[in-house]
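Please look at the structure below with its sequence at hand. The report that follows takes up its pocket, its core and its disulfide in turn.

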Amino acid sequence: MRSHPKALLAVIGVLLLAACGGGDSTTGVQGDFTGTFSLSTINGTGLPFTIQFNQSTVTFTGGSFTIAADGTFSDVLLYQTSSAGNIDLTSTCPGTYVQSGNTFTFTEPSNPNDSVCGGIFAGSGSGNTLTINFAIGFQAAYSK
């Protein structure tokens with residue numbers, strides 16, 4: 001059997017590139033998205049963002065999404081609801097995530113003390129932006 005050194009080197013080069021993932025944190029592909037992101041828009045609209053939900057008015061005024069290197073996250077939402085007399089409320093929901101490239105699957109356990117928490121939802125990162133697709137039909141954009 002004849003050996004083709006140039007062909008063998010080319011195959012090794014392709015395998016090495018595939019193994020490295022070819023990504024970097026500036027493009028968000030295989031990037032490091034650890035840190036805290038601030039809520040900037042919901043469904044493309046800036047804050048405050050108001051909706052009708054379960055026969056009350058809910059106004060989102062801020063929030064943050066923190067991703068830790070250990071596979072955990074914390075989602076904090078600041079809002080007011082007419083059912084609570086329009087006082088400022090804070091909901092903090094922790095959970096775990098799995099990252100594949102620049103996409104995420106977030107798992108947030110239900111909390112009997114906070115009805116906002118709970119569910120499985122997807123997200124993606126690009127540069128300094130994190131986009132979360134919440135199961136209730138909202139897309140939230142967070143930025144560093």
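## Pocket, core and disulfide

Strand S5 supplies the largest share of the lining of the largest pocket, namely 4 residues; strands here are DSSP runs of E of at least two residues and helices DSSP runs of H or I of at least four, both numbered from the N terminus. The model is a predicted one, in which local features need pLDDT of at least 70 and side-chain atom pairs count only at pLDDT 80 or more, while totals for chains, interfaces and linings use all residues. Residues are numbered from 1 along each chain as its sequence is written, and side-chain values use heavy atoms, with hydrogens and water left out.

The chain holds 1 helix and 10 strands, and of its 144 residues 31% count as buried, where buried means under 20% relative accessible area, exposed over 50% and partly exposed in between, with a 1.4 Å probe and protein chains only.

The largest nonpolar core, a set of buried Ala, Val, Leu, Ile, Met, Phe, Trp, Tyr and Cys residues joined through side-chain atoms within 4.5 Å, has 23 residues, and Phe 60, Phe 65 and Ile 67 are among those with the most contacts inside it. The strands below each supply at least two residues of this core.

| Strand | Residues |
|---|---|
| S1 | 35-42 |
| S3 | 49-53 |
| S4 | 56-67 |
| S5 | 72-81 |
| S7 | 103-108 |
| S9 | 129-134 |
| S10 | 138-143 |

S4 gives the most to this core, with 4 residues. Leaving aside residues up to four places away in sequence, Phe 60 touches several others, including Ile 42, Phe 49, Ile 51 and Leu 77, a contact being heavy atoms within 4.5 Å.

Where do the two halves of the disulfide, Cys 93 and Cys 117, lie? The sulfur atoms of Cys 93 and Cys 117 are 2.0 Å apart and form a disulfide, a term for a pair of cysteine sulfur atoms within 2.5 Å. Cys 93 lies in strand S6 (residues 88-100) and Cys 117 in the loop between S7 and strand S8 (119-126), so the pair ties together parts that are 24 residues apart in sequence. The torsion about the S-S bond of Cys 93 and Cys 117 is about -85°, so this disulfide is left-handed. Both Cys 93 and Cys 117 are buried.
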